[in-house]
Amino acid sequence: MNVAVLGAGFMGHGIAHVSALGGHSVIVRDVEQELVDEGLEQIEANLEEGIEREKITPAEKEDAIERLTGTVSLEAAVEEADLVIEAVPERLDIKQDVFADVEEYAPDDAVVATNTSSLSVTEIASILDDPSRCIGLHFFNPAHIMPLVEIVVAEQTSGETKEFADHYVESIEKTPTTVTDVPGFASSRLGAIFSLEAIRMAQEGVASIEDIDETMRLGYNLPMGPIELVDHTGIDVNVEVMEYLREELGERFKPPQLLKRKLRAGTLGRKTGEGFYIWEDGEIAGVSDEE
């Protein structure tokens with residue numbers, strides 16, 4: 001299968017990683033060559049880490065690298081694609097613009113997927129002349145490690161598109177769950193509630209952010225605490241998702257002031273080196289002074 005991944009950031013390079021490792025030919029596209037190169041370099045580093053952890057073999061790494069290419073040309077990325085997955089910023093207008101451009105260049109039978117974590121797939125698909133080929137493929141961060149892909153079925157999604165999505169997710173050795181296209185789906189809606197309450201507790205002085213995260217990790221067997229997860233996905237992204245869910249589902253999703261202060265300060269989490277935690281080389285090095 002030929003897979004085009006649009007966006008080489010955290011989610012994009014993770015999706016490209018698992019697609020190439022799953023045996024597919026993958027083209028990663030971003031708007032600047034530097035972003036493409038950084039994404040491909042990160043994939044290679046993550047594959048090397050997989051070897052160190054004995055998750056993959058050196059031969060599997062080399063095979064995956066050979067299946068990967070990068071480009072800044074949208075036309076070159078999608079012109080032979082069987083599957084196009086967008087991993088661009090979480091804004092409806094941007095995603096719709098990308099889909100409109102994809103439709104101009106991609107084959108008529110290519111499946112077009114969005115990695116949105118909360119936006120309406122039905123509304124994103126509405127920009128297409130043939131929205132029946134659109135579906136949501138919601139990967140989790142980091143995509144090359146997390147085992148789940150949430151398949152979001154839009155109002156227009158055809159049965160053939162859903163079957164194609166199931167086959168793709170199984171081919172990359174992920175576990176699919178299927179949800180209807182409602183605000184926040186299942187995962188973001190539940191995840192937002194965890195994160196919101198954890199940040200409110202930190203804001204109220206119930207416990208430190210480390211102790212709140214440790215409680216959830218050990219008490220609920222989670223890979224990371226809900227506040228650490230906010231730093232991983234980005235404070236800006238979380239505020240956007242929470243505001244969207246607040247508009248659609250009510251005031252229980254209102255972002256806490258502590259979270260909004262981080263946003264105003266530009267301390268957006270792992271990608272800026274500071275959020276609720278201090279980050280160095282992608283790892284937690286301390287806790288931010290302001291809680």
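In the predicted model, strands S7 and S8 pair in the parallel sense, and six bridges connect them. Within this pairing, Ile 151 has Thr 178 of S8 as its bridge partner, and Ile 151 is also the bridge partner, in S7, of Leu 137. The latter contact belongs to the pairing of S6 with S7 (residues 148-153), which is antiparallel and extends over four bridges. On S5 (residues 111-114), three bridges lead to S6, and these two strands run parallel; here Val 112 stands opposite Cys 134 of S6.

These pairings form part of an open sheet of eight strands, arranged in the order S3-S2-S1-S4-S5-S6-S7-S8 and mixed in its pairing. Strand S3 (68-71) and strand S8 (175-180) are the edge strands, each of them pairing on one side only. On average, and with direction ignored, neighbouring strands of the sheet are turned by 25° against each other. Helix H5 (residues 92-105) lies across S1 (2-6), S4 (83-86), S5 and S6, and runs at about 165° to S5.

Strand S6 (residues 134-139) has six of its six residues buried, and is therefore largely enclosed by the rest of the structure. Cys 134, Gly 136 and His 138 point one way from the strand, whereas Ile 135, Leu 137 and Phe 139 point the other way, and burial extends to all of these residues. Arg 133 is found in the loop between helix H6 (121-125) and S6. With a relative accessibility of 6%, which lies under the 20% cut-off, Arg 133 counts as buried. When residues up to four places away in sequence are not counted, Arg 133 touches Glu 103, Pro 107, Asp 108, Asp 109, Ala 110, Val 111, Val 112 and Thr 161; Val 112, one of these contacts, is also the residue that stands opposite Cys 134 in S6.

Burial was also examined for helix H1 (residues 10-21), whose 12 residues reach 17 Å from the first C-alpha to the last, close to the 16 Å expected at 1.5 Å a residue. Because 10 of its 12 residues are buried, H1 is largely enclosed by the rest of the structure. The buried residues are Met 11, Gly 12, His 13, Gly 14, Ile 15, Ala 16, His 17, Val 18, Ser 19 and Ala 20. Just after H1, Gly 23 takes a positive phi of about 100°.

A further helix contact involves H8 (residues 187-203) and H12 (residues 257-265), which pack at an angle of about 90° with their axes 8 Å apart, so that H8 is roughly perpendicular to H12. The contact is made by Ile 199, Ala 202 and Gln 203 on the side of H8, and by Gln 257, Leu 258 and Leu 259 on the side of H12. Classified by residue type, this contact of H8 with H12 comprises four nonpolar and two polar residues, with no charged residues. In H12, Leu 258, Leu 259, Lys 260 and Lys 262 are buried, and the buried residues of this helix pack against H8, helix H10 (226-233) and helix H11 (235-249). Leu 258 and Leu 259 are thus buried residues of H12 that also take part in the contact with H8. Just after H12, Gly 266 takes a positive phi of about 80°.

Definitions and conventions
Residues numbered from 1 in each chain as written. Predicted model: local features only at pLDDT ≥ 70, side-chain atom pairs only at ≥ 80, totals over all residues. Heavy atoms only, no water. Buried < 20%, exposed > 50% of the residue type's maximum accessible area, 1.4 Å probe, protein only. Pairing = 2+ DSSP bridges. Axes fitted to C-alpha atoms, helices over the stretch in contact; angles between N-to-C directions. Parallel < 35°, antiparallel > 145°, perpendicular 65-115°, else oblique. Contact = heavy atoms within 4.5 Å. Nonpolar A, V, L, I, M, F, W, Y, C, P; charged D, E, K, R; others polar. Expected span 1.5 Å × (residues − 1).
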